[in-house]
Amino acid sequence: MGLTLDRVTKTFAGVPAVNELSLQIPEGEIFGLLGANGAGKTTTFRVIIGLLEASKGNVFWNEKKVHYYKSNYIGYLPEERGLYPKLKVKEQLIYLGRLRGMKKTEIVKELESWLERFRIPDYMNQRVEELSKGNQQKIQFISAVLHKPNLLILDEPFSGLDPVNVELLKQAVVELKERGTSIVFSSHRMEHVEELCKHLCILEKGKPIVQGELAEIKRSFGKKNLRIHAD
Ligand code: ATP
């Protein structure tokens, strides 16, 4: 059970961005996808969420092909953050929550609780363009988790955040995992993966060069070697 990628390949103009990638991500775990720029992390995520169709191979969630599912079970934080700058936080989150089938009262309640936890409780009626980049990123994160997805895909969630916000987001990720959410996130930074993940995969040119349990990988390869590939 959980998320399964079975020999997933995605080519662009005949060139594979993801190449025969097989992954098994157990339910309720935090999984790290590492790799340098262009390794294929974002493309893998886009195939998982069904934004791109795999050229070959399949993605399964709890043993069912993902395209047979409604997408409400997934939450996605994309690498390119996209909010509506002129709209208030509340307006756009109500809009996004409704697209996910939530009621307005439920959305507002969840939003209030997330804003509180992210230490920006009075931002409900602020326009997005008035917020700092870090706070915009937190709003984007909230938009990915508001509907309580079972599977959360986070593309470079910590990039561009200051250490305090990185910590807040990490705590949120751990709490979501404890509530049973399965989480996959990408990063260039080994330290985030070491702290949060039990299993990981390092991609290079769309292929996994290392994958498995972090503790086991560290024993076999040594930390130094891992950093070379991941940084
Ligand atoms: P980064 O950390 O820079 O985001 P990444 O590991 O997420 O990198 P991808 O964005 O998946 O890597 O890119 C993998 C390869 O596929 C790169 O060579 C990229 O140029 C190419 N690629 C990605 N999307 C497309 C597309 N829509 N059309 C053509 N080529 C693409």
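This tour of a predicted model goes from a sheet to a helix lying across strands, and then to a pair of packed helices.

**The sheet.** Begin by selecting strands E1, E2, E4 and E5. They form an open sheet in the order E2-E1-E4-E5, and the pairing is antiparallel. Colour residues 15-25 and 64-65 next: these are E2 and E5, the edge strands, each of which pairs on one side only.

**Inside the sheet.** Now select residues 3-12, strand E1, together with residues 56-61, strand E4. The two strands run antiparallel and are joined by five bridges. To look at one pairing in detail, show Leu-5 and find its bridge partner in E4, Val-59.

**The helix across the strands.** Keep the sheet on screen and add residues 41-48, which make up helix H1. Helix H1 lies across E1, E2 and E4. Its direction is at about 115° to E1.

**The helix pair.** Hide the sheet and select residues 89-99 for helix H2 and residues 133-145 for helix H4. The axes of H2 and H4 are 10 Å apart, and the packing angle is about 25°. Because angles under 35 degrees count as roughly parallel, H2 is described as roughly parallel to H4. The crossing of the two helices is right-handed.

**The contact.** Finally, show side chains where H2 meets H4. From H2, the contact is made by Val-89, Leu-93 and Leu-96; from H4, Ile-139, Ile-142 and Ser-143 take part. Colouring by residue class gives five nonpolar residues, one polar and no charged in this contact.

Definitions and conventions
Residues are numbered from 1 along each chain as its sequence is written. This is a predicted model: local features need pLDDT of at least 70, side-chain atom pairs count only at pLDDT 80 or more; totals for chains, interfaces and linings use all residues. Side-chain values use heavy atoms; hydrogens and water are left out. Two strands pair if DSSP finds at least two bridges between them. Helices (H or I, at least four residues) and strands (E, at least two) are DSSP runs, numbered from the N terminus. Contact means heavy atoms within 4.5 Å. Axes are lines fitted to C-alpha atoms, for helices over the stretch in contact, and angles run from 0 to 180 degrees between N-to-C directions. Angles under 35 degrees count as roughly parallel, over 145 as roughly antiparallel, 65 to 115 as roughly perpendicular and the rest as oblique. A crossing is left-handed if the near helix is turned anticlockwise from the far one by less than a right angle, and right-handed if clockwise. Ala, Val, Leu, Ile, Met, Phe, Trp, Tyr, Cys and Pro count as nonpolar, Asp, Glu, Lys and Arg as charged, and the others, Gly among them, as polar.
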